[in-house]
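Colleague: Please take a close look at one part of this model and at what surrounds it. Short sentences, please, and spell out the cut-offs.

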Amino acid sequence: RFQTKYFQGKYGNLDSSLISFGPCQTPTLGFCVERHDKIQSFKPETYWVLQAKVNPEKESSLTLDWDRVRVFDREIAQMFLNITKTAKEAKVESVSKKEKVKQRPLALNTVEMLRVASAALGMGPQHAMQIAERLYTQGYISYPRTETTHYPENFDLKGCLRQQANNPYWAETVKALLSEGINRPRKGHDAGDHPPITPMRAATEAELGGDGWRLYEYITRHFIATVSADCKYLQTTIAFSIGPERFTCVGKVVTSPGFTEIMPWHSIPLEESLPHCQKGDLFPVSEIKLLEKQTSPPDYLTEAELITLMEKHGIGTDASIPVHINNICQRNYVIVESGRRLKPTNLGIVLVHGYYKIDAELVLPTIRSAVEKQLNLIALGKANYHQVLEHTLDIFKRKFHYFVDSIAGMDELMEVSFSPLAATGKPLSRCGKCHRFMKYIQAKPSRLHCSHCDDTYSLPQNGTIKLYKELRCPLDDFELVLWSSGSRGKSYPLCPYCYNHPPFRDMKKGMGCNECTHPTCQHSLSMLGIGQCVECENGVLVLDSTSGPKWKMACNKCNVIVHFFENAHKVRVSSETCDLCDAALVDVDFNKAKSPLPGDETQHSGCVFCDPVFQDLVELKHAAMRHPMHRGGQGKRQGRGRGKGRRPGGRLNPKKPKDKMAALAAYFV
């Protein structure tokens, strides 16, 4: 809270609604910035490689690898080239053949699933976890949050395998395993929580569709691979000498594919077969040359690499790792680039560098790891819970106070990267105090700033803000602005000052004109409110006076919208109320050419809910919001009132309906 308030009060283009710190989240960001710093400080070096080609047969060529790999001195590299160039033949010094094994994978746990989902399937950890949880609740896989990679002795592996015997993608492999006998999975780590992630029933692509099928397919293939045989191959290594220099050539031939049949991406790559030869054989050298290359910087961390680092340093758990990665993305500390690589933003870089400058332990993984070790000791009964809690709180309290005292160190870095509030944004509406233009800062969190008064005013988020007809608030003389969530959503005017400093006791911070209880203001709830919301408990349907000619009224609490009187010339809320439901009557004025009223009438006054003339002109919808946090609470759809009673000093107040209102509920449901 401290750093959010401090920096948002000074800088306008941070583009983050929250500048958070977390003992897991911040070290996670630290890993990304550490890699960024390595890339920035990297200086490429030139090196040289000697490459030789020999012709074992007339039409075939074999490229040999230099045993020295590379040299960084041009003159020395040239010397080696000159020495070897004189030799016309390459002599076979040794031939060795060795049978090698590529082990089948360990049983699947959460961290490995998230790694593969990101690296191979292109799914973010949070998204992958949501899909896995859905597959679990639908009964397709076992519980997806587990650290265990070891199956218990009594686990029915064959039963799970039989479920997959009819899937066209792997039926042959499964049937062969069931007839020949399965291999016991490798002994992994038993964390004592849940069994490894396993497919529990058969599924088809049509059933699961899209990402659900892709994740299920991987989980199933991984499971089949754990009970398959290891992959076996023969590796042949031929050592050559060209003059005094040694070169090598390696070839691999698969003898038993094992688990790579079901996981083909792990298969041994097909290589040119090596010639049959023995020690002392000579092959003509067709080419020998010097290749000039440069060392390259590391790439930005992938999500899969970040997950590995977090697991290695004890940052987060299998359940929380996706949340921490998602947080640093959502808060604009990193952006996800192609290949799911995480590139830190200016804000992320400055934050981490600032922590290093003030207190490196805030960003290093050591302090979190130390706390995790203490928690493990509590679990084992070797440490006292209250003592550990008190000690940890004391450490963070001291660190917080030191951080507050030293904030200037981070502020110096912020000044270089971000613009002050006064220099950010564009003039939009006038301040009621000094009557100068305030600047609208569009970057998150969007707000208005008066540089003359040095005041900042919060605004509703996740929508657009524009000036509202240069009209002013009767209470404080601030120019009103109009917030809108789009043509299919809600919109309402608000006074920047009242929005931040509620003028009446029954108002709260963050209320617009559609909730203002001013008795005479033309934009207030008192003047534009029509009746109680048809869905939520406390909302009032308020006329959106900016919506013409596609007129609508919207609930000031939830996302209900009622479209009515399309193409009407004018819609006005009357001071009179309906005898049946107490809702305010509405005066509607249509153009003669477009009037839907009977008898070519152009004007009508009546109740939106009860008047039969209006019934075909009213349509209930839900607002299209830009962010789920704007969705209101859904009340019970019993025959609730759409009426309103009298409020002291004003006209509108939602109240319980009369008995006849119950019959009207069916009209909207």
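Modeller: Here is one helix, then two of its neighbours, then a strand for contrast.

This is a predicted model, with pLDDT of at least 70 needed for local features and 80 or more for side-chain atom pairs, while totals for chains, interfaces and linings use all residues. Residues are numbered from 1 along each chain as its sequence is written, and side-chain values use heavy atoms, with hydrogens and water left out.

Start with helix H4, residues 110-119. Helices are DSSP runs of H or I with at least four residues, strands are runs of E with at least two, and both are numbered from the N terminus. Eight of the 10 residues of H4 are buried, so the helix is largely enclosed by the rest of the structure. Buried means under 20% relative accessible area, exposed over 50%, and partly exposed in between, using a 1.4 Å probe and protein chains only. The buried set is Thr110, Val111, Met113, Leu114, Arg115, Val116, Ala117 and Ser118.

What covers them? The cover includes helices H5 (125-137), H9 (210-226), H10 (303-312) and H11 (321-330).

Take H10 and H11 from that list. They pack at an angle of about 125°, and their axes lie 11 Å apart. Axes are lines fitted to C-alpha atoms over the stretch in contact, and angles run from 0 to 180 degrees between N-to-C directions. H10 and H11 are therefore oblique to each other. Under 35 degrees would be roughly parallel, over 145 roughly antiparallel, 65 to 115 roughly perpendicular, and the rest is oblique. H10 passes H11 in a right-handed crossing. That means the near helix is turned clockwise from the far one by less than a right angle; anticlockwise would be left-handed.

From H10, Glu303, Leu306, Ile307 and Met310 meet Ile321, His324, Ile325 and Ile328 of H11. Contact here means heavy atoms within 4.5 Å. By class, this contact has six nonpolar residues, one polar and one charged. Ala, Val, Leu, Ile, Met, Phe, Trp, Tyr, Cys and Pro count as nonpolar, Asp, Glu, Lys and Arg as charged, and the others, including Gly, as polar.

Now the strand. S2 (residues 62-66) has a covered face of Leu62, Leu64 and Trp66. Its uncovered face is Thr63 and Asp65. S2 runs antiparallel to S1 (residues 46-54), joined by three bridges. Two strands pair if DSSP finds at least two bridges between them. Ala52 stands opposite Leu64. S2 is also joined to S5 (residues 245-256), antiparallel, by two bridges. There, Trp66 stands opposite Phe247.
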